[in-house]
Amino acid sequence: MRRFELLLPQSVDECVRTLAQQGPETKLLAGGTDLLPQLKNGLLKPARVIDLSGVAQLRAIESANGQGLRIGSAVTARTLELDRTVQGRYLSLAESGALVGSVQVRNLATLGGNLCNAAPSADMAPPLLALDAEAIIVGPKGERRVPVATFFTGVRKTVLAPDELLVELALPATGPNSGGNYLRHTPRRELDIAVVGVASQLTLANGVCAKARIALAAVAPVPLRATGAERALEGQRVTPELIARAADLALEVARPISDQRGSADFRRHLVRVLTRRTLTTALARASA
Ligand SMILES: Cc1cc2nc3c(=O)[nH]c(=O)nc-3n(C[C@H](O)[C@H](O)[C@H](O)COP(=O)(O)OP(=O)(O)OC[C@H]3O[C@@H](n4cnc5c(N)ncnc54)[C@H](O)[C@@H]3O)c2cc1C
């Protein structure tokens, strides 16, 4: 591993200034569960690493004016798994956090690191797409907000410029008649990455689906929404037959590859099964 200079900013402003001064051979370090293996394997050879552990703002979870939630980018998967507010209002996100690695990994792995590493299989991405979350990004030109649905631009690529920092994720309020669920399939029960992951979120009004969101991971270069399936549900009374039809429609956006973890056909099968299961659970939770 190449030797690097370690920098420890104490605030978002200091971090952004440091990024701007240090130039492109600089990498940010959150939990290090993706970055450190990449450094050790020689895939990345930065001259400088900025450790985010001194920036308290990045670890905060705050209600936004009683509406919605702002989650700092350095909040860990373990915190999301256990946080009462996240469990109560954004259960699919808590469920995805609970699936990341082992307890040891979850104590380090951050939400921001999961998104910025931009693996197609990132578990915490689909719930954020299904919850209409926005990424709050800060750079030398100030702050900008990007829907998480457009944050990813390719395998391990995002809209972040080299001098920008992902600061927070803003989640809108879900409302009382809303329910969500995240499920993934892995060949091993633990310490494995998703062959396919699906998050669904349903909001009901007068017994009819007012809003539907379905997001898929590991079936395309980036996590993505199954908008055709969402449209089929919206404005309708959600029945098992309609859920089965939405699960078929979710396949329209999937462009899976075959690899050692599963064939493209198997991934298509999983999209159907997991969409059906997550919608069924989301409906039950929205109706409870
Ligand atoms: C044994 C093991 C099991 C795993 N299991 C899973 C799993 O089940 N599911 C899953 O999805 N992932 C899994 N992972 C991958 C990893 O743990 C997650 O992706 C984790 O959330 C990454 O977060 P981190 O804080 O460790 O990121 P880091 O490694 O610190 O950073 C990852 C990338 O994001 C960048 N970055 C970090 N924070 C910011 C920020 N605020 N702004 C801009 N860029 C930033 C870094 O520069 C780096 O490029 C596993 C990893 C290991 C080692």
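**Group meeting: three domains, two sheets and a ligand**

Okay, let's start with a helix: H1 lies across strand S6 (134–139) and S10, and H1 runs at about 135° to S10. Keep in mind throughout that this is a predicted model.

Right, the sheet under that helix. Five strands make up an open sheet, ordered S4-S5-S10-S6-S7, and the pairing is antiparallel. At the edges you'll find strand S4 (61–64) and strand S7 (142–147), each of which pairs on one side only. If you're wondering about the twist, neighbouring strands of this sheet are turned by 25° against each other on average, with direction ignored. Zoom in on the S4 edge: S4 and strand S5 (residues 67–72) pair in the antiparallel sense, with four bridges between them. For a place to put your cursor, try Ser63, which stands opposite Leu69 in S5.

Now let me step back to the domains. The domain assignment splits the chain into domain 1 (5–54), domain 2 (56–171) and domain 3 (178–287). Taken over C-alpha atoms, the centres of domain 1 and domain 2 are separated by 18 Å. As for contacts between those two, 13 residues of domain 1 touch 18 residues of domain 2. Which element gives the most to the domain 1 side of that contact? That's our opening helix again: H1 (residues 12–22), with five residues. By type, the domain 1 side that touches domain 2 has nine nonpolar residues, three polar and one charged.

On to the part you folks probably care about, the ligand. Where does the ligand lie relative to domain 1 and domain 2? Both domain 1 (5–54) and domain 2 (56–171) give residues to the shell around the ligand, so the ligand lies between them. There are 30 residues around the ligand, and those that come nearest are Gly31, Gly101, Gly113, Asn114 and Cys116. The elements that put two or more residues into the shell are strand S2 (26–29), helix H7 (111–117) and strand S10 (165–171). H7 gives the most to the shell, with five residues. In terms of chemistry, the shell breaks down into 17 nonpolar residues, ten polar and three charged.

One of those nearest residues deserves a second look. Gly101 comes just after H5 and takes a positive phi of about 45°. And H5 itself, is that buried or exposed? Eight of the nine residues of H5 are buried, so H5 is largely enclosed by the rest of the structure. If you want to colour them in your viewer, the buried residues are Leu91, Ser92, Leu93, Ala94, Glu95, Ser96, Gly97 and Leu99.

That takes me to the other sheet. Here four strands form an open sheet, in the order S11-S12-S13-S14, with antiparallel pairing. Strand S11 (178–185) and strand S14 (224–225) are the edge strands, each pairing on one side only. And here's H5 once more: Helix H5 (residues 91–99) packs on this sheet, touching S11 and strand S12 (196–205), and the direction of H5 makes about 20° with that of S11. Over at the S14 edge, two bridges join S14 to strand S13 (residues 208–217), and these strands run antiparallel. There, Leu216 stands opposite Leu224 in S14.

So, to wrap up: the ligand sits between domain 1 and domain 2, H7 gives the most residues to the shell around the ligand, and H5 packs on the four-strand sheet. Happy to pull up any of that on screen.

Terms used. Residues are numbered from 1 along each chain as its sequence is written. This is a predicted model: local features need pLDDT of at least 70, side-chain atom pairs count only at pLDDT 80 or more; totals for chains, interfaces and linings use all residues. A residue is near a molecule or strand if its C-beta atom, placed from the backbone, lies within 6 Å of it. Ala, Val, Leu, Ile, Met, Phe, Trp, Tyr, Cys and Pro count as nonpolar, Asp, Glu, Lys and Arg as charged, and the others, Gly among them, as polar. Domain bounds come from an automatic or database domain assignment. Two strands pair if DSSP finds at least two bridges between them. Two residues are in contact if their C-beta atoms, placed from the backbone, lie within 7 Å. Axes are lines fitted to C-alpha atoms, for helices over the stretch in contact, and angles run from 0 to 180 degrees between N-to-C directions. A residue is buried if 20 or more other C-beta atoms lie within 10 Å of its own, exposed if 12 or fewer, and partly exposed in between; C-beta atoms are placed from the backbone.
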